[in-house]
Amino acid sequence: MTPSNHDLRAFLNEVDKIGELRRIADIPWDKDLGGLVEMILERSAHPPAMLFEKIPGARQDMEILCSQIDTLPRLAIAMGTDPNLPLTDFIQAWRKKIRNFAPVPAEFVKDAPIFENRVDKNIDLEAFPIPRWHEEDGGRYIGTDDLVITEDPEEHWINAGTYRVMLQGKDAVALYISPGKHGRVQRQKYFDAGKPCPVVMSFGHHPILFLAGCTDVPNKMSEFDYAGGVIGEPVQLVRGPLTGLPIPAYSEIAIEGEMIPGDDLPEGPFGEWPGYYASATRPEPVVRIKALYHRNNPILCGEPPLRPSAGQGFHRSIQRSALIWNALEDAGVPDVQGVWLHPAAYRFFSILKIKQRYPGHAKQAALIASQCRPGAYLGRYVVVVDDDVDIYNPNDVIWAIGTRSEPENIDILRRCWSGPLDPAIPRERKGFNSRAIIDATRPYEWKDKFPPVNAVTDTLKAELDRKYPALLKEMIGIKR
Ligand SMILES: Cc1cc2nc3c(=O)[nH]c(=O)nc-3n(C[C@H](O)[C@H](O)[C@H](O)COP(=O)(O)O)c2cc1C
Ligand SMILES: [Mn+2]
């Protein structure tokens with residue numbers, strides 16, 4: 001086979017070339033590995049991609065890759081965009097890509113690296129270096145950066161979603177899919193007919209497949225065709241010999257199996273992206289594994305959800321900010337200059353930057369952002385700011401809220417679309433939550449009389465930069 005743009009190893013070569021790949025040996029999988037990843041992400045302004053090898057007490061031919069796409073340059077390599085763009089331009093480029101989007105159908109090939117090793121008997125996932133990522137996790141999670149691949153039994157389209165997957169002994173796993181997600185709807189159709197649901201899972205692959213697996217790909221569109229559209233070439237797949245379901249040709253580790261109605265095992269708790277152990281232990285469907293495939297020296301990809309302030313989830317913020325920005329444009333909201341779901345709260349806190357054109361413009365933008373398809377689920381605060389505010393800088397955003405909004409003008413929307421992962425909603429009431437719409441723009445009717453900002457103007461900044469380059473260079477680094 002020819003080397004491919006969607007081979008994880010090709011991606012890692014590129015990451016290595018720009019000096020962002022580190023190999024780390026001898027870290028135990030139980031708590032240490034996950035804890036270190038979180039600490040490194042929290043403490044580093046530009047965390048490297050981390051490849052853990054020689055993990056004690058586990059198979060020595062396997063490695064774990066973490067923090068694949070937590071920096072802009074790595075994300076750009078994964079998405080095939082320009083790594084030198086500033087953040088707004090990067091989001092604009094992504095917006096354009098998904099706006100003129102044409103999926104490229106995946107293609108089936110005969111043979112593939114994933115078939116380098118096939119195990120049908122004595123499958124032993126417990127020998128894999130699968131981490132217990134967070135101290136209070138109920139088990140070891142093989143699936144965080146994974147693809148759960150199923151087929152709709154009525155409409156026959158393929159879905160590949162990223163859902164968490166917990167080890168349940170040597171040859172079984174349990175998974176959690178939230179209500180309404182494609183994989184769950186498809187599975188329910190099998191179960192309602194009293195039939196087992198065949199499934200393939202991939203546990204290591206090029207990050208473009210992960211990005212497709214965890215973003216809002218339209219109903220009935222396969223994430224493989226979506227990923228093909230992003231990279232501009234078909235994703236290569238092979239047919240699983242037992243289920244006939246697709247397996248990514250360059251997957252590092254994959255399984256085939258089935259879920260049987262009523263065959264549940266305790267799953268969770270698991271540290272989730274809002275930064276909490278959100279769900280207790282509950283029964284969830286088990287996958288009984290029929291066959292395991294892996295490349296030689298396979299790499300397990302890990303994306304343990306961390307407390308958002310650890311700085312993870314940059315890619316999620318970028319993708320969803322672009323989707324909401326496009327939705328605002330589709331709804332006819334003019335002069336939006338930026339959308340940012342800050343990674344510290346991600347879906348719970350959206351920031352919109354507009355150039356105000358007419359009375360009610362800010363409210364219109366905020367209400368649509370809070371209820372459009374990519375923004376409605378698990379939102380909480382929507383803040384609108386003027387075009388002089390840096391929406392990526394929390395200081396600037398808090399300044400705008402603190403000085404331009406009036407709490408008596410905050411609107412509350414009730415009974416909006418929440419979900420089981422919302423930590424602020426008690427178990428009996430999960431499903432709904434409320435929204436605060438914070439207009440932190442200068443009030444439209446007297447915006448021209450609003451006190452002027454006392455910051456150095458761009459004109460003076462340019463002049464001082466020109467006049468005092470050496471002094472400024474010397475001084476920078478002292479502040480903060
Ligand atoms: C690291 C990571 C883990 C995720 N885990 C889950 C999960 O356990 N269950 C779930 O329903 N969604 C999970 N998601 C979100 C889904 O991947 C996302 O909603 C995706 O759009 C689902 O695919 P679907 O639209 O085909 O259902 C996770 C996302 C990420 C980035
Ligand atoms: Mn889907």
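## Strand pairs and the ligand 1 shell

Strand S6 (residues 141-143) and strand S9 (residues 164-167) run antiparallel and are joined by two bridges. Across this pair, Tyr-141 stands opposite Met-166 in S9. Please keep in mind that this is a predicted model.

S9 also pairs with strand S10 (residues 172-176), again in the antiparallel sense, this time over four bridges. Here Arg-164 stands opposite Tyr-176 in S10. S9 and S10 form a hairpin with four residues between the strands, and Gly-169 takes a positive phi near 90° in this hairpin.

Arg-164 turns up again when we look at the ligand. The shell around ligand 1 holds 20 residues, and those that come nearest are Gly-161, Arg-164, Ser-178, Lys-181 and His-182. Two elements give two or more residues to this shell: strand S8 (158-161) and helix H5 (182-192). By residue type, the shell divides into six nonpolar, nine polar and five charged residues.

Further along the chain there is an open sheet of five strands, with mixed pairing and the order S17-S18-S19-S21-S20. Its edge strands are S17 (336-341) and S20 (411-417), each of which pairs on one side only. On average, neighbouring strands of this sheet are turned by 20° against each other, direction ignored. S17 and strand S18 (residues 349-354) run antiparallel, and Leu-341 has Ser-350 in S18 as its bridge partner.

Here are the antiparallel pairs side by side:

| Pair | Bridges | Residues opposite each other |
|---|---|---|
| S6 and S9 | two bridges | Tyr-141 and Met-166 |
| S9 and S10 | four bridges | Arg-164 and Tyr-176 |
| S17 and S18 | five bridges | Leu-341 and Ser-350 |

Note on methods. Residues are numbered from 1 along each chain as its sequence is written. Chains are lettered from A and ligands numbered from 1 in the order in which they are written. This is a predicted model: local features need pLDDT of at least 70, side-chain atom pairs count only at pLDDT 80 or more; totals for chains, interfaces and linings use all residues. A residue is near a molecule or strand if its C-beta atom, placed from the backbone, lies within 6 Å of it. Ala, Val, Leu, Ile, Met, Phe, Trp, Tyr, Cys and Pro count as nonpolar, Asp, Glu, Lys and Arg as charged, and the others, Gly among them, as polar. Two strands pair if DSSP finds at least two bridges between them. Axes are lines fitted to C-alpha atoms, for helices over the stretch in contact, and angles run from 0 to 180 degrees between N-to-C directions.
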